[in-house]
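Grab a coffee and open your viewer. Here's a small set of exercises to work through, each with a solution you can check yourself against.

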Amino acid sequence: MVDPAAPTGRTSPAATATRLPGGLELRTARPADLDQIGTLLVERGDEADGLDHRLVVHDPDLGWDASAVVVDGDRVAATATLLDETVRLGDVTLPAGQVELVAVHPDYEHRGLARALMGWAHRRSADRGHLVQLIIGIPYFYRRFGYEYAIDIPPARRLVGSVPEVGAAAGALRDARSEDLPGLVGLQEATQAAFDVAVPHPAARWRALLAQSASRTRVLERDGAVVASARVRADDDGLVAAEPAAVDAGAANALLARLAAQLPDGQELSVVHRAGTVTGDTWDRLLDVPDAGCEQYYLRIPDVGALLGALRPVLWRRACALAPQVLGEALVISTFGAHHRLPVTADGFGPVQTGGPMQSPGVHGGFGVAPDQLGALLFGQRGFAGLRRVRPDVYGRPAVGEALFPAVTADLLTYYLPW
C-alpha cells in the first residue's frame, strides 16, 4: 500500500489565537470550554453531538488540538472540529481531513464565524499533510468554502421482503464491545477491499463508536466469533442499519433477521445498501427500489498538484493498460486557471510540473477539467465518460480520458451516517 504522507502529530500553526472583528477570538478549544461547547452543539444540532465532542477531545489520537472555538470573552460563540481520515484510491492511501461538529450560536450568526472556523480547519488540515478534505453536511452550504459534490452516497433501502427464518445456531445479536474491535476492523477491511475508493474508520472513531449514543454498533456472534455487524440508528420511522458487513450469506441473513426481530410494532427497517458486498448481494431482493434522488459526499482539493503527484502510481498503471505512448511526452491536465504536467518517463510519471492558466489544453493533447469537477473525476462514480456528457468544461480525447479516469466504486465510512 502506497502512503504518500501521514499526519505529523505536531502542533499546528492553526492553533495560534486569531483576533476577529468585534473583539472575538478564534483559538484551540480548552477543557474549560467543554460544557459550553457541548451545550452549543446540542442546541444547534443533535442531542448526541455533545457526547461526540467529548469523545473527540478525550481521545489519545485527537485531543484538544482537534477542536477550535470562537470566544467572546469567556463565552463560546462558535466551534468546529477537524478529524484525521484516510482515503484510499486503488492502492494509494491519501491522508485526509473531515470537518465536523460545526455550530454557531444564534447571537453570533452572519458574522463570518463559520468561514473563520473553516479557515482554521483547512490550515490545520494542510499542516497535518492532508491532501483532501471530505464532509457530509448541509446541502450547498459547504460549497461556499471550496467543497464540491463528488462521491455518491448509497441509498437507505426499506426492507419489504420476507426475512429468512434462522435458528438459534445462526448466531446471537448484541452490542459491540472493545474486545470485538479486531473482528469489526477485519470485517470492514474485507468488505471495502473490492471498492476502488474507500474511507475506513480510523482507530479513534472505532473507539468512539462503542461509546457514542447517536448510533449503536451491533454484532452477530456465531460460535464465539463476530461474523456480521451493522451500525444502527433510530429515526422517526424505525431503524436504519448502516455499514453492514458479514463473512457469508448465512451471517448476512441472520443479521437481517435478528435486526428485524427487534423492531418495535409498526416500525420499519431500512438498510444503507453496499452494492457488490456480501450483505448487498444477499439482501438486494428483499429491499425496495431506492428513490432516484441524488445524495453525495462533499470533497475539497486544496492543492491539485500535490494530489496528482500522490496519485501518479494509479494514473501510470491506467496509462500502461492504455499504452503510455498515446500520451506523448506528458499527461496534461488543465483546471483552466492553472495546468499540471506529468512527464512520461521510463519509470512512470515524473514529478508534477504546475504552470499558469491554460485555456486550450486540447491543443497539447491534454484534458480540461473545471476545478470544481476534479474531485468527481478522480473519486466519483461517473468518471470522465459520465462527466463529459453533462459538463462542457470536462473534455479531452474520449478513449484516453475514459482509460485514465474511469468511473470508480466507492465506500465511505464517515463520522455521521447517511440520512
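What follows is a run of exercises on a predicted model, going from the overall fold down to single residues.

**Exercise 1. Work out whether the radius of gyration of the chain agrees with that of a compact globule.**

Step 1: Start with the length, which is 419 residues.
Step 2: For that length, a compact globule would come out near 22 Å.
Step 3: The chain has 23 Å, so the two agree.
Step 4: For the outline, put a box along the principal axes; the C-alpha atoms fill roughly 65 × 55 × 35 Å.
Step 5: Now look inside: 54% of the 419 residues count as buried.
Step 6: Finish with the contacts between residues at least 6 apart in sequence, where 72% join residues at least 24 apart.

If you're colouring by secondary structure, expect twelve helices and 22 strands.

**Exercise 2. Find the largest nonpolar core and say which helix gives the largest share of it.**

Step 1: Count the members of the largest nonpolar core: 47 residues.
Step 2: Pick out those with the most contacts inside this core, namely Leu 307, Leu 331, Phe 379 and Phe 405.
Step 3: Sort this core by element, and helix H10 (residues 374-379) comes out with the largest share, five residues.
Step 4: Zoom in on Leu 331. Skipping residues up to four places away in sequence, Leu 331 touches Leu 315, His 340, Arg 341, Leu 342, Phe 349, Phe 367 and Leu 404.
Step 5: Don't stop there, as another core of 24 residues lies apart from the largest one, and its members include Ala 78, Leu 82, Ile 135 and Phe 145.

For background, in soluble globular proteins nonpolar side chains tend to be buried together.

**Exercise 3. Describe the largest pocket: its volume, its lining and the element that gives the most to that lining.**

Step 1: Get the volume, about 1,000 Å³.
Step 2: List the lining. There are 37 residues, and Arg 44, Gly 45, Val 102, Ile 138 and Tyr 142 are the closest to the centre of the pocket.
Step 3: Map the lining onto elements. Helix H1 (34-44), helix H2 (49-57), strand E5 (92-104), helix H3 (113-127) and strand E12 (225-234) each supply at least two residues.
Step 4: Rank the contributions: E5 gives the most, with five residues.
Step 5: Split the lining by class, which yields 20 nonpolar, six polar and eleven charged residues.

The second largest pocket can go through the same routine. Its volume is about 310 Å³. Of its 16 lining residues, Ile 153, Pro 155, Asp 291, Gly 293 and Glu 295 are the closest to its centre. By class, that lining has ten nonpolar, one polar and five charged residues.

**Exercise 4. Say how many cavities of 30 Å³ or more the whole structure holds, then characterise the largest and the second largest.**

Step 1: Run the search, and four cavities turn up.
Step 2: Take the largest cavity, with about 110 Å³ of space.
Step 3: Its lining has 13 residues, with Pro 154, Glu 243, Val 272, Leu 412 and Leu 413 nearest the centre.
Step 4: Strand E13 (238-246) and strand E22 (410-412) each supply at least two of the residues lining the largest cavity, and the class split is nine nonpolar, one polar and three charged.
Step 5: Move to the second largest cavity, at about 50 Å³. Leu 184, Gln 188, Trp 206, Leu 209, Thr 217, Ser 229, Ala 230, Arg 231 and Glu 243 line this one.
Step 6: Check who gives the largest share of the lining of the second largest cavity: E12, with three residues.

**Exercise 5. Decide for Leu 117 and for Pro 351: buried or exposed?**

Step 1: Locate Leu 117 in helix H3.
Step 2: Its relative accessible area is 0%, so Leu 117 is buried, the cut-off being under 20%.
Step 3: List what Leu 117 touches beyond four places in sequence: Leu 26, Ala 68, Val 69, Val 70, Ala 78, Thr 79 and Ala 80.
Step 4: Locate Pro 351 in the loop between strand E18 (348-349) and strand E19 (353-355).
Step 5: Its relative accessible area is 57%, so Pro 351 is exposed, the cut-off here being over 50%.
Step 6: Beyond its neighbours within four places in sequence, Pro 351 is in contact with Arg 312, Arg 341 and Pro 343.

Notes:
Residues numbered from 1 in each chain as written. Predicted model: local features only at pLDDT ≥ 70, side-chain atom pairs only at ≥ 80, totals over all residues. Heavy atoms only, no water. Core = buried A, V, L, I, M, F, W, Y, C linked by side-chain atoms within 4.5 Å. Buried < 20%, exposed > 50% of the residue type's maximum accessible area, 1.4 Å probe, protein only. Helix = DSSP H or I, 4+ residues; strand = E, 2+ residues; numbered from the N terminus. Contact = heavy atoms within 4.5 Å. 1 Å grid on protein atoms, 1.4 Å probe; cavity = no way out; pocket = protein on both sides within 12 Å on 5 of 7 lines; lining within 4 Å. Points joined across faces, edges and corners; volume = space filled by probe spheres on them. Nonpolar A, V, L, I, M, F, W, Y, C, P; charged D, E, K, R; others polar. Rg over C-alpha atoms; globule rule 2.2 N^0.38 Å.
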